[in-house]
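Biologist: I would like a close look at one part of this model. Please take me through the place where the ligand sits, step by step.

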Amino acid sequence: MENNKIIENNKSYWNENADYWFGTTALPKYGVKFVTEDELHLFGDVSGKKMLEICCGSGHSLKYHADRNAGELWGVDLSEKQLDNAREYLAQNGYTANLICSPMEAELDVPKEYFDFVYSIYGIGWTTDLQGTLDKFASYLKKDGIFIFSWHHPLHYCVAWSCEERKDVIEDEKLVFHRSYFDESYFTMPVHDSEIILCNRKISTYVNALAKAGFVIEQMIEQNDRETMESTEDTSDKTRKAKMLPISVCFKARKL
Ligand SMILES: C[S@@+](CC[C@H](N)C(=O)[O-])C[C@H]1O[C@@H](n2cnc3c(N)ncnc32)[C@H](O)[C@@H]1O
């Protein structure tokens, strides 16, 4: 499928379902059952810093930085509805941001060599052009500027419990590969009477695209949160899976 058709499909999904996800994937969380910014401190002191959030959604991560005295807040998202929600949520909290409605794949109407941080919480995997997108992000950052992003860990999409439909055989269950780790082709996933289109990129695809765009990786995090790892009572499929493999992945990279 052509990239612009994928973007249009995903845009209509987000315009129709923005309210369902209001504030669900935002700092200090990097992902479900994942270590948080409270423990990782990847951003450090953001006071006075110029922040650009890609796929800013409902604006909760922008508010997180505003609460910590960030100097400038900029947000980009494909969905007008998400940006309406973000504008309203920030205004209710006494903040404003420069909000831009655009696919991240486009050349954004933002200053070049300007930002201290470009970041994205569960956004980057939506791009239909990873290398072009990362090249552009590098151009918006100052030298030594920081790019932070989190996304689904590729193993999470490849592996599932063998007996998901049979709760009576938990002890016989195994995690099995139901798709290849190497398969980066696009797939359609039904969600909320609609569908989204994504692909599952390998870790090396992200690492190599970051390097090619002129970033050096400072940290890569694959750690689920302590509550999940130590829980004995929660026997849900997701928690048992999270004890065996990373559900999300997070990168911190610096522009050379
Ligand atoms: C999982 S949400 C991230 C939510 C965000 N972290 C928050 O706090 O609300 C993914 C976001 O990416 C946006 N998106 C999807 N594809 C995009 C694209 N190609 N360019 C820009 N934004 C995109 C969606 O509209 C949605 O708001």
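Modeller: Keep in mind that this model is predicted. Start with the largest pocket. Its lining is made up of 48 residues. Trp14, Trp21, Thr25, Tyr122 and Trp126 are the ones nearest the pocket's centre. Several elements each give two or more residues to this lining. The helices among them are helix 1 (3-17), helix 3 (60-66) and helix 6 (154-158). The strands are strand 1 (50-54), strand 2 (72-77), strand 5 (141-152), strand 8 (187-191) and strand 9 (194-198). Helix 1 gives the largest share, with four residues. Sorted by class, the lining holds 24 nonpolar, 17 polar and seven charged residues. The volume of the largest pocket is about 1000 Å³.

Now add the ligand. The ligand takes up the space of this largest pocket. Around the ligand are 19 residues. Thr25, Asp77, Gln82, Met104 and Ile121 are the closest. This shell splits into ten nonpolar, six polar and three charged residues.

Next, look at single atoms. In glutamine 82, a polar side-chain atom is 2.8 Å from an oxygen atom of the ligand. In glutamate 105, an N or O atom of the side chain lies 3.1 Å from a ligand nitrogen atom. Leucine 78 uses its backbone instead: an N or O atom there is 3.2 Å from a nitrogen atom of the ligand. On its own, the ligand has 600 Å² of accessible area, and the protein covers 97% of that.

Conventions: Residues are numbered from 1 along each chain as its sequence is written. This is a predicted model: local features need pLDDT of at least 70, side-chain atom pairs count only at pLDDT 80 or more; totals for chains, interfaces and linings use all residues. Side-chain values use heavy atoms; hydrogens and water are left out. A residue is near a molecule or strand if one of its heavy atoms lies within 4 Å of it. A polar contact is a pair of N or O atoms within 3.5 Å; within protein, one must be able to donate a hydrogen and the other to accept it, and residues adjacent in sequence count only if both atoms are side-chain atoms. Accessible areas come from the Shrake-Rupley method with a 1.4 Å probe; for residues, only the protein chains shown count as cover. On a 1 Å grid over the protein atoms alone, a cavity is a set of points where a 1.4 Å probe fits but cannot get out, and a pocket is an open set with protein on both sides within 12 Å along at least five of seven lines; lining residues have an atom within 4 Å of a point. A molecule sits in a cavity or pocket if more than half of its atoms lie within 2 Å of its grid points. Ala, Val, Leu, Ile, Met, Phe, Trp, Tyr, Cys and Pro count as nonpolar, Asp, Glu, Lys and Arg as charged, and the others, Gly among them, as polar. Grid points are joined across faces, edges and corners, and a volume is the space filled by probe spheres set on the points.
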